Amino acid sequence: MVQFSLFFVNFTFETLAGRQGTALSTVLPLPGSCGGWLTFQDPTGRIDKSYPTVCGHTGPVLDIDWCPHNDQVIASGSEDCTVMVWQIPENGLTLSLTEPVVILEGHSKRVGIVAWHPTARNVLLSAGCDNTIIIWNVGTGEALLNLDDIHSDMIYNVSWNRNGSLICTASKDKKVRVIDPRKQEIVAEKEKAHEGARPMRAIFLADGNVFTTGFSRMSERQLALWNPKNMEEPIALHEMDTSNGVLLPFYDPDTSIIYLCGKGDSSIRYFEITDESPYVHYLNTFSSKEPQRGMGYMPKRGLDVNKCEIARFFKLHERKCEPIIMTVPRKSDLFQDDLYPDTAGPEAALEAEEWFEGRNADPLLISLKHGYIPGKNRDLKVVKKNILDSKPTANKKCDLISVPKKNADAAGVQNEAKLDEILKEIKSIKDTICNQDERISKLEQQMAKIAA
């Protein structure tokens with residue numbers, strides 16, 4: 001069995017403002033090729049080798065992604081050609097977790113990319129070295145969309161747009177594609193977005209533009225901004241340096257800042273994206289002594305608003321993980337509205353079935369004015385359909401019991417009526433639960449105000 005890991009750590013760190021602080025209970029995704037552990041702890045330092053782990057894959061884990069709508073759910077893709085979805089106990093692991101909630105099988109080669117839908121519950125995308133993208137309904141364990149004829153070469157990365165209606169991809173054939181997954185068609189495409197042979201990356205921005213990183217023909221690292229409605233020429237193109245490390249972009253839609261972390265670099269560059277020329281504005285560089293082997297990024301609602309923290313990274317060294325805190329020095333202790341506009345919350349705007357039927361919705365926003373107070377996460381339940389029900393009988397003459405057609409039709413009508421009643425009752429219970437969750441959240445906020 002192969003283990004993968006997310007470390008919950010407590011480190012002392014140096015902020016950009018030069019002050020000391022402490023990061024508590026933070027999250028780091030580690031590269032699957034490093035082996036790794038899944039641990040939940042407050043103390044610093046090396047853990048015991050017998051500590052509980054998540055171990056279910058039979059090959060190295062290549063990518064992992066926390067669910068944006070449930071802080072206890074994580075998806076992992078592996079060289080064993082499967083995607084597994086795990087439910088982590090709220091209080092952490094006491095025993096090693098070997099049984100995933102669901103195993104998603106459909107790729108013929110290793111799975112290198114997994115990405116949850118930003119607004120629809122239980123929708124998960126996976127991309128493998130078979131050049132295929134599959135979009136799953138995790139709630140039923142089904143592959144509902146299979147994009148197997150769009151890419152002719154290895155897919156380097158996949159990014160959803162803000163409402164999850166489109167995806168953009170960068171691949172080894174040097175093309176950047178904007179794809180409508182439900183229509184299974186390419187909306188926009190750019191050949192040789194970057195002419196260099198080394199890997200590219202492409203991500204969607206909040207305004208619908210596409211940001212890419214890559215290499216020039218002379219192996220200089222580049223970044224570019226594209227409008228999907230006209231990808232003949234980039235909106236902006238900047239050359240940076242001649243390093244070989246692939247630039248990994250991390251985007252904050254609330255502040256329109258992009259952080260670029262190069263593999264093997266010892267620095268993080270960050271840029272602001274605006275509507276005015278030159279569109280991509282260099283801000284600053286965070287430098288350290290040791291190179292980074294990997295980088296993780298904390299969701300916005302995990303930041304400390306009282307310290308004007310606008311970003312938190314987790315830098316993977318050879319033998320340790322180091323939190324890196326990005327802060328904006330402010331003298332006032334009041335909440336900084338300009339730094340913390342309403343951000344995407346944990347509640348899904350759509351159910352999986354609604355999205356597959358064609359509906360779109362922007363993320364449901366929450367305020368961070370009083371800090372983020374997590375609500376109770378619902379358990380991930382998988383309802384698998386009986387595939388035998390859809391298979392025709394091989395030989396009707398061999399039936400032992402013959403049911404008259406009228407009786408069968410009557411039974412079918414009764415079953416449909418019962419099913420409708422059950423579905424209405426389920427919807428009613430869901431609505432009640434949502435209302436109670438909102439009520440609990442408001443009460444918790446009131447308690448937090450009183451306690452403060």
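## Cysteines

Cys-129 is partly exposed, at a relative accessible area of 22% (partly exposed lies between buried, under 20%, and exposed, over 50%, with a 1.4 Å probe and protein chains only). Cys-67, on the other hand, is buried at 7%. This is a predicted model, where local features need pLDDT of at least 70 and side-chain atom pairs count only at pLDDT 80 or more, while totals for chains, interfaces and linings use all residues. Residues are numbered from 1 along each chain as its sequence is written, and side-chain values use heavy atoms, leaving out hydrogens and water.

How many disulfides turn up in a search of the whole structure? Zero, taking a disulfide as two cysteine sulfur atoms within 2.5 Å. For Cys-129, the nearest cysteine sulfur belongs to Cys-81 and sits 9.0 Å away.

## An open sheet

Strands (DSSP E runs of at least two residues, numbered from the N terminus) E23, E24, E25 and E26 line up in that order as an open, antiparallel sheet. Pairing here takes at least two DSSP bridges. E23 (247-252) and E26 (280-287) are at the edges with a single partner strand each, so one side of each has no neighbour in the sheet.

E25 (residues 267-273) pairs with E26 over seven bridges. Ile-273 sits opposite Val-280 in E26.

## Nonpolar cores

The largest nonpolar core (buried Ala, Val, Leu, Ile, Met, Phe, Trp, Tyr and Cys joined through side-chain atoms within 4.5 Å) has 22 residues, and Phe-250 and Tyr-259 are among those touching the most other members. Elements giving it two or more residues include E23, E24 and E25.

Another core, of 21 residues, lies apart from it and includes Val-123 and Leu-145.

How values were computed:
Helices (H or I, at least four residues) and strands (E, at least two) are DSSP runs, numbered from the N terminus.
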